[in-house]
Amino acid sequence: MDPKTTIRKFIRTELVGGAGGPDIGDQDSLIDAGIIDSLGIQKLLAFLEAHFSLKLRDEDIVPENFDTVETIARLVQGKV
């Protein structure tokens, strides 16, 4: 499974609440749509580090890196 699909699946099941939530496109702003907030970013960080076996640094944890599925996937791909 590619990183975008994995990330989207996690967001839908763990942050949105399942299949009944809104569709999430690669370019949709997760922050503007209220899908992800600071607590959601923390959950997502833990998932990304465990699932993709990577370590994110403090300077990686900025809203711009977590705004869309695409920016999150780009961050992951740059760290793997």
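**Exercise 1.** In this predicted model, work out whether Ser53 is buried or exposed.

*Solution.* Start with the number: Ser53 has a relative accessible area of 68%. The cut-off for exposed is over 50%, so Ser53 counts as exposed. To place Ser53 on the fold, look at the loop between H2 and helix H3 (69–79). One more distance for Ser53: its C-alpha is 9.8 Å from that of Val76, with the two positions 23 residues apart in sequence numbering.

**Exercise 2.** Classify the ring pair Phe10 and Phe47, and find which parts of the chain the pair ties together.

*Solution.* By the ring-centre rule, the count for this model is 2 aromatic pairs. For Phe10 and Phe47, the centres sit 4.2 Å apart and the planes make an angle of 10 degrees. Centres must lie within 6.5 Å, and planes under 30 degrees apart count as stacked, so this pair is stacked. Now map the rings: Phe10 belongs to helix H1 (residues 3–16) and Phe47 to helix H2 (residues 38–51), so the pair links parts 37 residues apart in sequence. Next, burial: the limit for buried is under 20%. Phe10 comes in at 13% relative accessibility and Phe47 at 18%, so both pass as buried.

**Exercise 3.** Which geometry do the rings of Phe47 and Phe52 adopt, and which cluster do they belong to?

*Solution.* Check the centres, which are 6.5 Å apart, then the planes, which stand at 80 degrees. An angle over 60 counts as edge-to-face, so that's the label for Phe47 and Phe52. Phe52 is buried, just as Phe47 is. Put the pairs together and Phe10, Phe47 and Phe52 make one aromatic cluster.

Terms used: Residues are numbered from 1 along each chain as its sequence is written. This is a predicted model: local features need pLDDT of at least 70, side-chain atom pairs count only at pLDDT 80 or more; totals for chains, interfaces and linings use all residues. Side-chain values use heavy atoms; hydrogens and water are left out. Rings of Phe, Tyr and Trp (its six-membered ring) pair if their centres lie within 6.5 Å; planes under 30 degrees apart count as stacked, over 60 as edge-to-face and the rest as tilted. Helices (H or I, at least four residues) and strands (E, at least two) are DSSP runs, numbered from the N terminus. Buried means under 20% relative accessible area, exposed over 50%, partly exposed in between (1.4 Å probe, protein chains only).
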